[in-house]
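Subject: Structure handover

Hello,

Here is the structure I said I would pass on. My notes on it follow below.

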Amino acid sequence: MFSLRGCGRWVAASLAKQHVPPPARLSGDSASAAPGTPRYDVVVVGGGHAGTEAAAAAARCGSRTLLLTHRVDTIGQMSCNPSFGGIGKGHLMREVDALDGLCSRICDQSGIHYKVLNRRKGPAVWGLRAQIDRKLYKQNMQKEILNTPLLTVQEGAVEDLILTEPEPEHTGKCRVSGVVLVDGSKVYADSVILTAGTFLRGMIVIGLEMHPAGRLGDQPSIGLAQTLEKLGFVVGRLKTGTPPRIAKDSINFSILNKQTPDNPSIPFSFINETVWIKPEDQLPCYLTHTNPRVDEIILENLHLNSHIKETTKGPRYCPSIESKVLRFPNRLHQVWLEPEGIDSDLIYPQGLSVTLPAELQEKMITCIRGLEKAKMIQPGYGVQYDYLDPRQITPSLETHLVQRLFFAGQINGTTGYEEAAAQGVIAGINASLRVRRKPPFVVSRTEGYIGVLIDDLTTHGTNEPYRMFTSRAEFRLSLRPDNADSRLTFRGCKEAGCVSQQRYERASWMKSSLEEGISMLKSIEFSSSKWKKLIPEASISMGKVVSIRALDVLKYEEVDLELLAKAVPGPLKKYTQCRELAERLKIEATYETVLFHQQQEIKDIQRDEALQLPKDLDYLTLRDVSLSQEVREKLHFSRPQTIGAASRIPGVTPAALVNLLRFVKTIQQRQAAMNELPKTGQCDTDRLEKRQL
Amino acid sequence: MWRGLWTLAARAARGPCRPCVRQSSGAGAPGSGATIFALSSGQGRCGIAVIRTSGPASGHALRSLTAPRELPRARSASLRLLTDPRSGEPLDRALVLWFPGPHSFTGEDCAEFHVHGGPAVVSGVLQALGRVPGLRPAEAGEFTRRAFAHGKLSLTEVEGLADLIHAETEAQRRQALRQLDGELGQLCRGWAETLTKALAHVEAYIDFGEDDNLEEGVLEQADSQVRELAVALDTHLRDARRGQRLRSGAHVVVTGPPNAGKSSLVNLLSRKPVSIVSPEPGTTRDVLETPVDLAGFPALLSDTAGLREGQGPVEQEGVRRARESCDFLDTVVTPAIARSPNGNGQRLLLVLNKSDLLPPGGPDLSPELPPHLLLSCLTGAGLDGLLEALRKELAAVCGNPSTGPPLLTRARHQHHLQACLDALGSYRHAPDVALAAEALRVARGHLARLHGGGGTEEVLDIIFRDFCVGK
């Protein structure tokens, strides 16, 4: 049933020379800890968007890392839409990039249509987005992964986990110490990250047919799902889908609305000034719409559509054309025709995700304007898969149940490449920190969309595929795509060591230039009439006697730094040299006054997040605390790590929070006592640190 | 508007120079957290009430209310006249204390106002604090959490406080529940629904406007909803009479024909000789006001000259004043057969005095008399009935004081509703949609503090209910 192609095909390993040489290659032995059994700091299971980021992040942090995947040639595969980014998702990519993650850089090398969405709605909600060439992305990602120092890639399907006694100083009923492959061979590891995507008991649905598969043409992971269930993890089921693919040359584009890319293209990564391709060489997208005939075909054939009938939870938003038609009848729905690659013959009809039997899909497609003669190359299909209730993991993505086991990506109930990548980076960093016995790297919701994503998942769980929206972020004006580096790069460097020197220097330069520029803009003050004379284009309100700072003038919509520097060239000219710097100064000016207020609120929240709760509290049996049974159950399930997280669980009252404060005190006292004791586990840490030297 | 508002807030939060503050606290730089205030002594009638503030703007708040005085010496009590910073109206002569951080209860800059415990004073000071930029009413348990965060509470103290705060929040919860049933609760809920819907539509425009097809006019619809909401809030806030009544007490005027026994009634109700009583008509020539506690309500009781054509210029002026005071009274008690003094729909209690003079066989009064009470100021017969009737009237005017701490609630309400209204104003002037949405979020946050709710999920539910978005 499983393809056993995992037996020891070693691909890649550009190991740094100062590194402990890899142990003997896989030999299929099954004796526990037998000499020669491979051993790593971190093993990542899965080579999708979460897995690649996790493996690369762990390696960047200095951990010897193994990436286990079903097939090396599917590493970096974009299984669904041929695009990255968007509103909210683009924010996540910027943050992944700020931590030196891969996807943004790879997208800058693989895009074929770059466009920033929401241009007129304010820089806080700009959505960096690009159509990506699937083939190029995969190639570039594989090149990157196979050339990452300390990172080894191996093909193999993981069937089981190796479990041992738990570490007494941590919670959890056991500890993971490696994985067992389908062929019975073992790999030992100090931390294991599972990024199984839709492969846990994955089922593909087309019409009434169902096949076990993680992705069209790939086997699901069944043994692993069973293992997790046996360990006591709460498993749920979700569904998602993907549209059919259409032959490019069978579409009549001439009658459709054409969308052209931005000129110039804005790169995803902070370290890139430009993207690999010129705007004029990029491909357009086209827009068409559904019509009543499409509704008819769907409604007439609901009985042939088991994906739609099933009770497995789909999202409240409408991912499939069926749900759109059922919930919003008698409307025309948008269908974007997106290129799959620079030389690809395929078109991806965004918005047409469907699970009808294949022949009906083709029939439906051909009633759409421009697609009258369209040829369907591959049918759309639905996927149903297991996910693990994310309230079972901590904000560092380690599971409560099994020590040193981390989950990232769709396995936690999210949807989307960017959401997966964001979790991957965090899991990779934390798996590595855990091995090095360092405190976890947690991004707060006040610091990034990554924090919003993980906090939402770990405190509220989810019962639909979780997708990022900017409306989920309370501090949207602070968490902007432009400033992700100043929010995360320095922390990533200092606390995790996951950031390259080049990036760190770039971020430092930007930070100091911004600070300098802002204080310069604050220091230049003229009367409103003088400003009016200097910049006649600006609608500066007259009549105010007080002088106006250059920073306030920059707030006007029609004023940018270029214009300001023309008026006051002496001190400001130099800030126009770098496009990004000039733009960021303008953005800082736009939001200056509002952000001041938001900072207060952020501070209040951070204060509550500094109050850590002990991880080993048994809320159900705690005595001498007046907590209602309902609150106890909620706390027991979500296991908040801070007072801040506890306060966001619905139903946890202020009184309950104050009751919890005493436990914060306990942990503070415990830590104080720990600091006085001679360091335990010293030799272990030494060993690990030596290895990284 | 938007910019002005925040600049104001920023300036206030930056506060005056505070030499005693740790340098590390950043002296009010962005990110020092909000400044909170609350009544920290028990609610209800008490001799002294203690109002506390904590946070970087505490010093500023203290100076605003005691302006233009300098901050008092740290940690020692000083007597100051408290005035409303906006109206300049004196509030109370009070003991104030200044605790610069970190040597304070919470570890932050704190100020304490020990004011006279009357509800009018407490409510006045709370409202004045709410109007100081940078200050907001504390949430339940917030002082404790701040104290804890700064390492100011020992384990035993935390345990003790937990119970206290449990009781306090329980009371607040009950209070909130009562409000939710009340008229104001319904209003708030309605406003919150409108606002959430408007916000959801703006959010949908941001998150899906470009990729998915939203219907035309999503933003325009939100705009008009916000406009209507602003008008409703403004009208509500302008109707300050309800608040006014509690601060100085409801106005009860005793009026009627001369020699009906108005002054006797006033003396009886206030339990002290306020007015001179004589059998001669026209004894009272001016309006005499006295604050009384009527059936548990603070009230201002006015005795007036008898309504007749006066005999001399002094009495005529007295009558004129009596009629004038009837124009802004809340409840009229007429101890005699009377026409309604004016037709403004004020509450009128008709009291027939001197019931002791009636023949014992039963009142022989003309049948077309409106509903009335019989009273004898001489014997006290009928007083209980009058008090009960007054209680009902005042409850209708002031709200029932036994159903929770109305002062605190009122200060909170005014603070958050005003802040909500201000934010709606900045919505209309926001330069981009992200800023406009932020203004709505701030506005919604303030309403949520009054009626609960306010989560993101609610917004997403509306987005996905109203729009076909996602892919």
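How many salt bridges does the rule find across the interface of domain 1 of chain A and domain 2 of chain A? It finds one. That salt bridge joins A:Arg506 and A:Glu273, with 3.4 Å from N to O. Please keep in mind throughout that this is a predicted model.

Domains of chain A

The domain assignment splits chain A into domain 1 (245–384), domain 2 (501–609) and domain 3 (612–673). Between domain 1 of chain A and domain 2 of chain A, the C-alpha centres are 42 Å apart. Six residues from domain 1 of chain A and six residues from domain 2 of chain A take part in the contact. The two domains bury about 560 Å² between them, and carbon and sulfur atoms account for 45% of that area. On the side of domain 1 of chain A, 78% of the area buried against domain 2 of chain A comes from A:Phe270, A:Ile271 and A:Glu273, more than from any other three residues. A:Glu273 is thus named twice here, as a contributor of buried area and as a partner in the salt bridge with A:Arg506. The interface also has two residue pairs in polar contact, both residues at pLDDT 80 or more. By class, the side of domain 1 of chain A that touches domain 2 of chain A has four nonpolar residues, one polar and one charged.

Chain B against chain A

Here 64 residues of chain B are in contact with 63 residues of chain A. The two chains bury about 5700 Å² between them, 57% of it on carbon and sulfur atoms. Five salt bridges are counted between chain B and chain A, and 16 residue pairs are in polar contact, both residues at pLDDT 80 or more. On chain B, helices H1 (2–14), H4 (142–149), H5 (155–181), H6 (183–208), H13 (433–451) and H14 (456–466) each supply at least two residues of the side that touches chain A. H14(B) gives the most, with eight residues. That side of chain B divides into 29 nonpolar, 15 polar and 20 charged residues.

One salt bridge between the chains pairs B:Arg136 with A:Asp604, the closest N and O atoms being 3.2 Å apart. Another pairs A:Arg476 with B:Glu203 at 2.5 Å between the closest N and O atoms. It runs from the loop between helix H11 (449–460) and helix H12 (484–496) of chain A, where A:Arg476 lies, to helix H6 of chain B, which holds B:Glu203. A:Arg476 counts as buried because its relative accessibility is 0%, and B:Glu203 is buried too, at 1%.

Salt bridges within chains

Over all chains, a search of the whole structure finds 57 salt bridges. One of them joins A:Arg584 and A:Glu580 (3.1 Å, N to O). Both residues lie in helix H18 (residues 579–609) of chain A, four residues apart, about one turn of the helix. A:Arg584 and A:Glu580 are both buried.

In chain B, B:Arg63 forms a salt bridge with B:Glu70, the closest N and O atoms being 3.5 Å apart. B:Arg63 counts as partly exposed, at 25% relative accessibility, whereas B:Glu70 counts as exposed, at 56%.

Finally, salt bridges with shared partners link A:Arg445, A:Asp455, A:Asp456, A:Glu474, A:Glu609 and A:Arg648 into one network.

Regards

Technical notes: Residues are numbered from 1 along each chain as its sequence is written. Chains are lettered from A and ligands numbered from 1 in the order in which they are written. This is a predicted model: local features need pLDDT of at least 70, side-chain atom pairs count only at pLDDT 80 or more; totals for chains, interfaces and linings use all residues. Side-chain values use heavy atoms; hydrogens and water are left out. Contact means heavy atoms within 4.5 Å. Buried area is the accessible area (1.4 Å probe) that two parts lose on being put together, summed over both. A salt bridge is a side-chain nitrogen of Lys or Arg within 4 Å of a carboxyl oxygen of Asp or Glu. A polar contact is a pair of N or O atoms within 3.5 Å; within protein, one must be able to donate a hydrogen and the other to accept it, and residues adjacent in sequence count only if both atoms are side-chain atoms. Ala, Val, Leu, Ile, Met, Phe, Trp, Tyr, Cys and Pro count as nonpolar, Asp, Glu, Lys and Arg as charged, and the others, Gly among them, as polar. Domain bounds come from an automatic or database domain assignment. Buried means under 20% relative accessible area, exposed over 50%, partly exposed in between (1.4 Å probe, protein chains only).
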